[in-house]
Amino acid sequence: FECVQFKGIDCFHARARAGESLKKPEAHGDEFEICWVRQGRIRIVLSREQHVLEPGQALKFDAALEHGYEILEDSEMTIVHLEKTHRF
């Protein structure tokens, strides 16, 4: 992960290899998370649903919900943590 941070917003550039997974609920406060896939294919698993994202696709969800990432192909993505007080 590479990261740039501002008040209320953290932007990550991440690369991951096929077969890896990530689940870190302790990394979140009361915020939204946006994942934008730039290359490869990933699955985001939420408590009641799953989404497979391919290049150019993005998903916004409540990061307070239990979630995890499964890397289906070598991937590159942008992940944004956005405090709920800084809604668009």
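**Cysteines.** I looked for disulfides (pairs of cysteine sulfur atoms within 2.5 Å) and got zero. Note to self: this is a predicted model, where local features need pLDDT of at least 70, side-chain atom pairs count only at pLDDT 80 or more, and totals for chains, interfaces and linings use all residues. Residues are numbered from 1 along each chain as its sequence is written, and side-chain values use heavy atoms, with hydrogens and water left out.

Why no bond at Cys11? The closest cysteine sulfur, in Cys3, is 7.3 Å from the sulfur of Cys11, too far for a bond. For Cys35 the closest cysteine sulfur is in Cys11, 13 Å away, again too far. I also checked burial (buried is under 20% relative accessible area, exposed over 50%, partly exposed in between; 1.4 Å probe, protein chains only). Cys35 is buried at 0%, while Cys11 is partly exposed at 21%.

**Salt bridges.** I found seven (a side-chain nitrogen of Lys or Arg within 4 Å of a carboxyl oxygen of Asp or Glu) in the structure. One of them pairs Glu66 with Lys23, closest N and O atoms 2.8 Å apart. Both ends are exposed: Glu66 at 52%, Lys23 at 51%.

Next I looked at Arg43 and Glu70, whose closest N and O atoms are 2.7 Å apart. This pair links strand E4 to strand E7 (strands are DSSP runs of at least two residues, numbered from the N terminus), 27 residues apart. Arg43 is partly exposed at 23%, and Glu70 is partly exposed at 32%.

Lys84 and Asp62 also meet, at 2.7 Å N to O. Lys84 is buried at 15%; Asp62 is partly exposed at 23%. Shared partners join Asp30, Asp62 and Lys84 into one salt-bridge network.

Conventions
Helices (H or I, at least four residues) and strands (E, at least two) are DSSP runs, numbered from the N terminus.
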